[in-house]
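Here are my notes on this model. Please read them with the sequence and the structure open.

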Amino acid sequence: MEKISVAVRFRPPNPAAADSPPAGAGDREWRIDDTRVTLHHRAVGPVPGGPFVFDHVFDGAATNERVYGTVVRDLIGAVVDGFNATAFAYGQTSSGKTFTMNGSDVDPGIIPRAVRDVFDTVRQTDDREFLIRVSYMEIYNEDINDLLLLEGRKLPIKENLERGVYVAGLREEIVNSEEQVFELLQLGEENRHFGETNMNARSSRSHTIFRMVIESSAKNRTDSGDPIRVSVLNLVDLAGSERHNKTGAEGVRLNEAGHINRSLLMLGNVINKLSENGKQRGHIPYRDSKLTRILQPALGGNAKTSIICTAAPEEMHIEETRGTLKFASRAKCVSNCAQVNEILTDAALLKKQKREIEELRKKLQGSHSEVLEQVVLKLRNDMHKSELERDRLAMELEEERKLRMRLENHLTEQQKKLEGLDNNSISADQFTDLIQLDALKTPDSKYKPDGFVARRSRYSDDTDFSPIPENLDNIANDDLWTRLNKGCVTDLDMLEMTPGLKRETSFVQDATSAAPFEEPTDARCERLEKDCISDRQQLEESNVRCAALEKECALLRDKNSSLQQELSDSKREANLLVAEKQAQLDDSIARCVVLERELSMSRQDAERLVTEKQELAGELGVERQKMEELKQDIRVISRAFSQREGQLTSLYTKSKAILENCKASHVATLP
């Protein structure tokens, strides 16, 4: 068992609000001390009633990033691991719920941050493969609308053993990136109901539930018995409870406020019952509203839940803030039993879709073909949509068949009455006896005249509802919002009652159109015959509608077959592409082997060349040394040759001089 995580967030003061005093004015104020919230009187001190203690408390300076990191971020890892998780914002109107959930461009809220974290966590999980689908719905005036479609159909709530509580006919889109999710969120926000009140220029007039279904299975596992983890993340933005005298709601806005307050009252009743001890708890009224019915797993069920209660700090909103804090205190006592959701059957969409899609996806990932990946994603979305449409048409067809059976039975009864009247020989006395016998029959309890009004006591003694936790003499009893947060049952006469359902005129006769007892037999036969003709026409119309639905189902089957054929063609094309890629890969591998061999030989040649270069460098050094020695010898020889040349020149000069002297002496000696 695990307690619900409860956080309280005070928005910054809003001096521009209607009838708001200047900032800092007033005798009372809320003070925050870590996880404690206390109401103080500026002159006296703490106001009696005790402090409120929660898991987390944020003041007006807290950002969405801080709130998300403290309260919601741990839920994302749990969802990816297979746990259900829910986070929703609760509080009065204009207290900052939508800003907390959606945020702004500068400070994104919980929903965009959660979407990014889901995909980041999925990308970091290498041992599992994931399939993510999203849906977006709103509860407006107790009608469920699909925000991703513009059809405006009112969707019913169903329940079965495989899926549990779910909304039938709700569009689910398979996504593989956060950008696709943001586009769907933008589409849903455009279709959402907003309105202007005295307290908020863009007030949410409906509860919205953004849901992500995450399926995962182990990678590289072909065993059909491998369990599939299926987890659901609900991110809920509740509409704000409000007082009519503050918002100035009239007409449509007043009707919207009545439905909003009633659904929040039912939510408060569920929280009250869940916060009681197990033996005293009794029946939990989940079915009293569609909001509590959809959120049933998150309230005391199989889910990890975080509640962010938003509050306004102004003194004019003290009573509303006190009610919000009391709701948060009761919610803090609720325990859930969360566990990993594993499915062994083919109910999970990840198994239900063809295994060859997954094999194709793996091959495409191996070949890095983004175009064919988008084609497969589109085909998977088309198959999922066709399955949802087929379920919807099957449900409508079943309803039409039931209606046709009722019409046939009614027609048979009318024909029997006609046959009895045609063959009758009833006397006037017997006819009078039959009239008296009809008068003694039990009246139709299903039909009530238009002026009938069912009144209830002001407070119910039913044990399914919690008693009033405390009495506050300074609160008016006719204030619906205050009683919403006190846990008592409201006076249903003050709310707009749901209009009576229209009944088929062919099933129950209207009292005003009933024939009088004095009606002649022929006139009665004629009237019954006209009713039979009308019933036959309705039966024929029903048959035509059934034929049209069957034809549409056949078209969907043909479309599904064509999708299967397209998928098969895509698979063949992918196989051809994979074979071509494999051939190219084989050629590349062969070329790589040849190149590696050539590279090895080149490396050997390079090593040999390096060795030869080193040897040549050594020989070159030796030759250079020898050359230096030769140069030195040449220099020595040159010097010696120069000296010898000088000596020879000197000897030649001396010899020439001696020769000249000899010639001169010889001439002198001649006679």
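**Notes on the predicted model**

1. Start with T321. With a relative accessible area of 1%, T321 is buried (buried is under 20% relative accessible area, exposed over 50%, partly exposed in between, with a 1.4 Å probe and protein chains only). T321 sits in helix α9 (helices are DSSP runs of H or I, at least four residues; strands are runs of E, at least two; both are numbered from the N terminus). Leaving out residues up to four places away in sequence, T321 touches F10, W30, Q92, A311 and A312 (contact means heavy atoms within 4.5 Å).

2. A word on the basis. This is a predicted model, in which local features need pLDDT of at least 70 and side-chain atom pairs count only at pLDDT 80 or more, while totals for chains, interfaces and linings use all residues. Residues are numbered from 1 along each chain as its sequence is written, and side-chain values use heavy atoms, with hydrogens and water left out.

3. The annotated site comes next. An unreviewed UniProt entry carries the annotation "binding site" for G91, Q92, T93, S94, S95, G96, K97 and T98. UniProt positions are given in the numbering used here, feature names are shortened, and annotations may be inferred rather than shown by experiment. One of the covered residues, Q92, is also among the contacts of T321.

4. Where does S95 lie? S95 is in the loop between β8 (85-91) and α2 (97-102). S95 counts as buried because its relative accessibility is 2%. Its contacts, not counting residues up to four places away in sequence, are R11, T310, A311 and A312. A polar atom of the S95 side chain lies 2.7 Å from the backbone oxygen of Q92 (a polar contact is a pair of N or O atoms within 3.5 Å; within protein, one must be able to donate a hydrogen and the other to accept it, and residues adjacent in sequence count only if both atoms are side-chain atoms).

5. K97 is in helix α2. Is K97 buried or exposed? K97 is buried, at a relative accessible area of 6%. Neighbours within four places in sequence aside, K97 contacts A89, Y90, G91, Q92, D237, L238, A239, G240 and T310. T310 is also on the contact list of S95.

6. Now the salt bridges. The count comes to 20 (a salt bridge is a side-chain nitrogen of Lys or Arg within 4 Å of a carboxyl oxygen of Asp or Glu). D120, R123 and E178 are linked in a network of them. R123 pairs with D120 at 3.0 Å, N to O. These two residues are about one helical turn apart, because they are three residues apart in helix α3 (residues 110-124). R123 is partly exposed at 46% relative accessibility, and D120 is partly exposed at 31%.

7. The other link in the network joins R123 and E178, at 2.7 Å, N to O. R123 lies in helix α3 and E178 in helix α4 (residues 178-191), so the pair ties together parts that are 55 residues apart in sequence. E178 is buried, with a relative accessible area of 12%.

8. Helix α9 (residues 318-331) has a salt bridge too: E319 and R322 are three residues apart there, so about one helical turn separates them. Their side chains meet at 3.4 Å, N to O. Both E319 and R322 are buried.

9. Look along α4. Its buried residues are E178, V181, L184, L185, G188 and E189. They lie on the same side of α4, because they cover an arc of only 140° around the axis (the arc is that of the directions from the helix axis to the C-beta atoms). E183, Q186 and E190 are exposed on the other side of α4. For Q186 the relative accessible area is 51%. Q186 and L147 are 39 residues apart in sequence and 10.0 Å apart in space, C-alpha to C-alpha.

10. Last, helix lengths. The 14 residues of α4 should span 20 Å at 1.5 Å a residue, and the end C-alpha atoms are 20 Å apart, which agrees (the expected span is 1.5 Å times one less than the number of residues). For the 24 residues of α6 (residues 252-275), the expected span is 34 Å and the end C-alpha atoms are 35 Å apart, which agrees. Helix α6 is mostly covered, with 18 of its 24 residues buried.
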